[in-house]
Amino acid sequence: MSVSRPSTDTKWQQKDAADQNFDYMFKLLIIGNSSVGKTSFLFRYADDTFTPAFVSTVGIDFKVKTVFRNDKRVKLQIWDTAGQERYRTITTAYYRGAMGFILMYDITNEDSFNAVQDWSTQIKTYSWDNAQVVLVGNKCDREDERVVSIDRGKQLADQLGFPFFETSAKDNINVKSTFETLVDIICEKMSESLDSDPTVVNPTKVTRITERPSQQDGSCNC
């Protein structure tokens, strides 16, 4: 099975991806069960668009967005991962070098909420030790179908030590705030690390966009 190629359907996307004028570059991943709304969430943030039709992500894809935070130009390399189990060995290979994660569940889907602990364990297993995580309960526009209360989401976030947002890609609720919070936390933690140890290796040197993780024998049975 081949990993899906990055989207190059817009000129701004190509220009932003090629732009080398930035202070920091952060690799971010959106993870969680299939159909929780990861792709819609990414498109709402990167392109300010929303498509109601569900199309399952095959393998992994990404978008690039440049933002300004605390007088710094920050280039975000945001990866949208497939939630299906058969793609798990592919997506976890991309955890290496990630500065931050948006761990998402669907407030109308109990199974996706119950899976948060497992996703959190995968982050600890495969990612950089100081990777930052924000827990997101998506699809808060579908209040009539809610099965996971906001209090349960907050409690789990507190238990895991993650900031928490309920969001809606459809209604554009807390999408920008989620990314801004994650970027601000990464910047803060990075500053603390540099203050405590000026010789620390610059963690912004992340995997290049064109780099693909090597496939190990038998790593994918899809």
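Visitor: Which residues are exposed on the other side of α5, away from its buried residues?
Guide: This is a predicted model, in which local features need pLDDT of at least 70 and side-chain atom pairs count only at pLDDT 80 or more, while totals for chains, interfaces and linings use all residues. Residues are numbered from 1 along each chain as its sequence is written, and side-chain values use heavy atoms, with hydrogens and water left out. Exposed means over 50% relative accessible area, buried under 20%, and partly exposed in between (1.4 Å probe, protein chains only). On that other side of α5, the exposed residues are D118, K124 and T125.

Visitor: How wide an arc do the buried residues of α5 cover around the axis?
Guide: The arc is that of the directions from the helix axis to the C-beta atoms. V116, W119, S120, Q122 and I123 are the buried residues in α5. They lie on the same side of α5 because they cover an arc of only 155°.

Visitor: How many helices and strands does the protein chain have?
Guide: Helices (H or I, at least four residues) and strands (E, at least two) are DSSP runs, numbered from the N terminus. The order of elements from the N terminus on is α-β-α-β-β-α-β-α-α-β-α-β-α. The secondary structure of the chain comes to 7 helices and 6 strands.

Visitor: What share of the residues of the protein chain counts as buried?
Guide: The accessible surface of the chain comes to about 11,400 Å², and carbon and sulfur atoms hold 46% of that surface. Such areas come from the Shrake-Rupley method with a 1.4 Å probe; for residues, only the protein chains shown count as cover. Of the 222 residues in the chain, the buried share is 49%.

Visitor: Which residues touch the most other members of the largest nonpolar core?
Guide: In soluble globular proteins, nonpolar side chains tend to be buried together. A nonpolar core is a set of buried Ala, Val, Leu, Ile, Met, Phe, Trp, Tyr and Cys residues joined through side-chain atoms within 4.5 Å. In the largest core, which has 27 residues, the members that touch the most others are L29, I31, F101, L103, Y105 and L135.

Visitor: Which elements give two or more residues to this core?
Guide: Strands and helices both contribute. The elements are β1 (24-32), β2 (60-69), β4 (100-106), α5 (116-126), β5 (132-138) and α6 (150-160).

Visitor: Which elements do the buried residues of α6 pack against?
Guide: G153, L156, A157 and L160 are the buried residues of α6. Their arc around the axis is only 100°, which puts them on the same side of α6. The face turned away from this buried side carries the exposed residues Q155, D158 and Q159. The buried residues pack, with contact meaning heavy atoms within 4.5 Å, against β4, α4 (110-114), α5, β5 and β6 (164-166).

Visitor: Which residues do salt bridges with shared partners join into one network?
Guide: A salt bridge is a side-chain nitrogen of Lys or Arg within 4 Å of a carboxyl oxygen of Asp or Glu, and the whole structure holds 10 of them. R69 and D184 meet in one such bridge, at 2.7 Å from N to O. This pair links strand β2, where R69 lies, to helix α7 (residues 175-196), where D184 lies, 115 residues apart. Salt bridges that share partners form one network of R69, K176, E180 and D184.

Visitor: What is the relative accessibility of K139?
Guide: The side chains of K139 and D106 form a salt bridge, 3.2 Å from N to O. D106 belongs to strand β4, whereas K139 sits in the loop between β5 and α6, 33 residues apart. D106 is buried, its relative accessible area being 3%. K139 also counts as buried, at 17%.

Visitor: How far apart in sequence are the parts that F41 and F179 tie together?
Guide: Rings of Phe, Tyr and Trp (its six-membered ring) pair if their centres lie within 6.5 Å; planes under 30 degrees apart count as stacked, over 60 as edge-to-face and the rest as tilted. By this rule there are 8 aromatic pairs. The F41 and F179 rings are stacked, because their centres are 5.6 Å apart and their planes at 25°. F41 is in helix α2 (residues 38-47) and F179 in helix α7, so the pair ties together parts whose separation in sequence is 138 residues.
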